[in-house]
Amino acid sequence: MKFYNRTKEIEELRRIQGRAFDSRSRMTVITGRRRIGKTSLALRATQGEYPTVYLFVSRKNEAALCEEFAGLISTALGCYVPSEIKSFKSLFQMLMELAKTRKFNLIIDEFQEFFNINPSVFSDMQNIWDSYRNDTRVNLLLMGSVYSMMHKIFESYHEPLFGRADAMIRLSGFGTETMKEIMHDYRPDYTNDELLALYTITGGVPKYIELLCEDADLSIEGMLDYVVRENSPFINEGRNLLIEEFGKDYGLYFSVLSCIASGINTQGAIESALGGVTVAGHLKRLIEDYALIKRVRPIMSKPGSKNVQYEITDNFLRFWFNYFDRNQTLVELNNFEYLRHIISSDYPTFSGFALEKWFRLKMMESHQYVDIGSWWERKKGKEANEIDIVALSVDGKNAVVAEVKRQQRNYDHKLFMEKVDHIKTSILSKYDIETRLLTLEDM
């Protein structure tokens with residue numbers, strides 16, 4: 001698949017590269033979940049007249065890793081690397097010495113793996129970087145996909161590399177226009193329902209899109225046939241992504257995420273579903289340490305409001321937990337035919353929430369709004385007057401209040417306008433309100 005989008009990120013990385021080669025060395029940190037395209041981005045952004053050293057940190061003995069790195073460095077820079085070098089500390093110092101007289105890019109992928117190889121690498125690098133960065137011309141890119149560990153390495157005040165990064169870039173999935181471009185390239189006569197299916201399943205993650213583009217016809221049936229089958233790369237993907245994040249205590253985290261994916265999205269409801277287990281700490285860590293969920297409050301609520309729901313931020317993980325993790329018995333029995341039936345039956349309902357996220361993302365990309373969310377109120381333990389999307393314009397005078405339905409025939413105009421009248425009285429009295437019905441046709 002050809003390289004799509006990332007225009008702004010490439011421009012920023014090339015700007016940083018120029019500064020690194022013209023003045024002094026720069027350190028850039030690139031994070032994002034696995035399959036999001038960090039490596040492709042880094043390699044594309046560093047194409048040009050200056051050489052690039054690409055080092056992938058696999059989990060092996062440090063001496064063996066350095067031996068592998070020595071060959072890669074020698075090839076990329078055309079230099080001699082002494083066989084006596086058995087530590088990354090010595091290897092990194094040698095590279096920084098070279099950077100006194102040469103300009104080059106240095107990419108270190110899965111950088112957080114040094115935690116498992118030799119944690120002292122981080123303090124060693126800090127000392128060497130501080131000593132050399134002002135007298136060298138190296139463009140250093142450090143990448144990692146285990147969010148909790150990368151967050152700790154570079155954003156925890158007590159860690160040696162805290163404050164050393166000149167820039168931090170976090171990659172997310174493709175936006176709405178890029179996904180339309182991909183569908184146009186691979187399925188020119190696509191329907192919006194097929195576009196929604198691609199977004200619902202992949203969340204815009206480039207690797208998942210690439211797999212579907214190369215091996216499926218991008219019809220809804222074709223995508224589901226590819227995803228839900230024996231030996232599908234999607235079957236264990238959620239588990240593989242997260243076990244390294246959570247470690248041996250992944251069981252309860254998985255249960256919490258499974259609840260949220262299925263619509264059990266308040267702390268009380270989750271604890272009740274799990275038999276009374278306290279999950280406040282797990283929810284907090286899923287937000288702050290792992291960035292896998294977020295707190296959602298009605299728009300314009302006070303920050304301390306207890307009217308909180310939780311939402312999985314990654315579309316693919318929501319899909320995986322709702323279908324693969326939830327139906328693990330069917331997966332183990334290889335009964336993919338019945339699992340496929342479950343997903344097909346449930347898809348129209350499940351994709352409705354993804355359609356709401358699509359329109360919020362589309363609004364966000366327009367840069368016309370200062371806040372975009374939803375609104376609901378609780379009444380005697382129940383939700384009332386729920387509104388799918390409320391968006392406040394940058395001028396502070398206008399608001400969009402929208403109902404999202406897959407099909408227009410499911411829309412009740414009278415009921416919606418009653419909700420609009422209520423929210424105008426409750427929180428939007430100072431705004432001019434534009435009402436919208438958003439359906440598949442508006443994607």
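Five bridges join β3 to β4, and these two strands run parallel. That pairing is a good place to start a walk through this model, which is a predicted one. Across it, L106 of the first strand stands opposite L140 in β4.

**The sheet**

Zooming out, β3 and β4 belong to an open sheet of five strands, ordered β2-β3-β4-β1-β5 and paired in parallel. The edges are taken by β2 (52-56) and β5 (167-170); each has a single partner strand, so one side of each is left without a neighbour in the sheet. On average, neighbouring strands are turned by 15 degrees against each other, direction ignored.

On its other side, β3 (residues 104-109) is joined to β2 by five bridges, and this pair too runs parallel. If you would like residues to click on, V53 has L106 as its bridge partner in β3, while Y54 has I107 as its partner there.

Two helices pack on the sheet. Helix α4 (residues 88-98) touches β2, β3 and β4 (138-144), and its direction makes about 160 degrees with that of β3. Helix α7 (residues 147-155) touches β1 (26-31), β4 and β5, with its direction at about 155 degrees to that of β1.

**A closer look at β3**

Is β3 mostly covered or mostly open? It is mostly covered, with six of its six residues buried. F104, L106 and I108 point one way from the strand, N105, I107 and D109 point the other way, and all are buried. This fits a general pattern: in a regular strand the side chains alternate between the two faces of the sheet. Note that L106, which has V53 as bridge partner and stands opposite L140, is among these buried residues.

**Two helix pairs**

Away from the strands, two helix pairs are worth a visit, and their axes are set side by side here.

| Helix pair | Axes come within | Crossing angle |
|---|---|---|
| α9 (residues 192-202) and α11 (residues 220-227) | 9 Å | roughly 25 degrees |
| α12 (residues 237-246) and α16 (residues 315-325) | 9 Å | roughly 115 degrees |

With the crossing angle under 35 degrees, α9 and α11 are therefore roughly parallel to each other. In α9, the residues that meet the partner helix are D193, E194, A197, L198 and I201, and from α11 come I220, M223, L224 and V227. By class, this contact has seven nonpolar, no polar and two charged residues.

How do α12 and α16 lie relative to each other, roughly parallel or roughly perpendicular? Angles of 65 to 115 degrees count as roughly perpendicular, and α12 and α16 are therefore placed in that class. The crossing in which α12 passes α16 is left-handed. From α12 the contact takes E237, G238, R239, L241 and L242, and from α16 it takes F316, L317, W320, F321 and D325. The residues of this contact divide into six nonpolar, one polar and three charged.

**A buried lysine**

Finally, have a look at K180, found in helix α8 (residues 176-186). Is this lysine buried or exposed? Its relative accessibility is 18%, and the cut-off for buried is under 20%, so K180 counts as buried. Leaving aside neighbours within four places in sequence, K180 is in contact with Y190, L195, W358, K362 and M443. Another lysine, K362, is thus one of the contacts of K180.

Note on methods. Residues numbered from 1 in each chain as written. Predicted model: local features only at pLDDT ≥ 70, side-chain atom pairs only at ≥ 80, totals over all residues. Heavy atoms only, no water. Pairing = 2+ DSSP bridges. Helix = DSSP H or I, 4+ residues; strand = E, 2+ residues; numbered from the N terminus. Axes fitted to C-alpha atoms, helices over the stretch in contact; angles between N-to-C directions. Contact = heavy atoms within 4.5 Å. Parallel < 35°, antiparallel > 145°, perpendicular 65-115°, else oblique. Nonpolar A, V, L, I, M, F, W, Y, C, P; charged D, E, K, R; others polar. Buried < 20%, exposed > 50% of the residue type's maximum accessible area, 1.4 Å probe, protein only. Left-handed = near helix turned anticlockwise from the far one by under 90°.
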